[in-house]
Amino acid sequence: KDGERMCPPYQLPEELRGQTLYPTVSFRNCTLHAHFGPAPLRPLPFKCRAIGDASKADAVVTKDETPAPGKCEVLFPVALPDEGTF
């Protein structure tokens, strides 16, 4: 919370090492601010690299596959407050 570690780090399972991983955050009853810049917004008491600071060896860059005009699809999640929307 506010730049402080909330739990001890977990070892990455052997079957996930060397795989492309996607950052995922699950939350409930809170507000989330995601920052993917090259450096943390404030100094952290532990050392880690930000997503924006990833080297080519650490990241997989894919080509943008923009569909032809008129072939786009937009999804708008619609939910009611306090109705268990996930």
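**Exercise 1. The salt bridge**

The structure holds 1 salt bridge. The model is predicted. Find which side chains meet in this salt bridge, and decide how exposed each partner is.

*Solution.*
1. Apply the cut-off: a side-chain nitrogen of Lys or Arg must lie within 4 Å of a carboxyl oxygen of Asp or Glu.
2. Arg17 and Glu14 satisfy this, with an N to O distance of 3.4 Å.
3. Arg17 has a relative accessible area of 40%, so it is partly exposed.
4. Glu14 reaches 58% relative accessibility and therefore counts as exposed.

**Exercise 2. Cysteines**

Determine how many disulfides the model has. Then classify Cys7 and Cys72 by accessibility.

*Solution.*
1. Recall the chemistry: a disulfide covalently links the sulfur atoms of two cysteines.
2. Use the cut-off: the two sulfur atoms must be within 2.5 Å.
3. The count under this rule is 0 disulfides.
4. Cys7 is partly exposed, because its relative accessibility is 38%.
5. Cys72 is exposed, because its relative accessibility is 58%.

**Exercise 3. A nonpolar patch**

Identify the residues that make the nonpolar surface patch, and give its area. Place Leu16 in its accessibility class.

*Solution.*
1. The patch is built from Leu12, Leu16 and Leu21.
2. Its area is about 230 Å².
3. Leu16 has 34% relative accessibility, so it is partly exposed.

**Exercise 4. The largest pocket**

Give the volume of the largest pocket. Then describe its lining.

*Solution.*
1. The volume of the largest pocket is about 2,300 Å³.
2. Its lining comprises 47 residues.
3. Nearest the centre lie Pro23, Cys48, Arg49, Ala50 and Ile51.
4. Sort the lining by type: 28 residues are nonpolar, 11 polar and 8 charged.

Key. Residues numbered from 1 in each chain as written. Predicted model: local features only at pLDDT ≥ 70, side-chain atom pairs only at ≥ 80, totals over all residues. Heavy atoms only, no water. Patch = residues over 30% accessible without salt bridge, like charges linked within 9 Å, V, L, I, M, F, W, Y side chains within 5 Å. Areas by Shrake-Rupley, 256 points an atom, 1.4 Å probe, with all protein chains shown as cover. Buried < 20%, exposed > 50% of the residue type's maximum accessible area, 1.4 Å probe, protein only. 1 Å grid on protein atoms, 1.4 Å probe; cavity = no way out; pocket = protein on both sides within 12 Å on 5 of 7 lines; lining within 4 Å. Points joined across faces, edges and corners; volume = space filled by probe spheres on them. Nonpolar A, V, L, I, M, F, W, Y, C, P; charged D, E, K, R; others polar.
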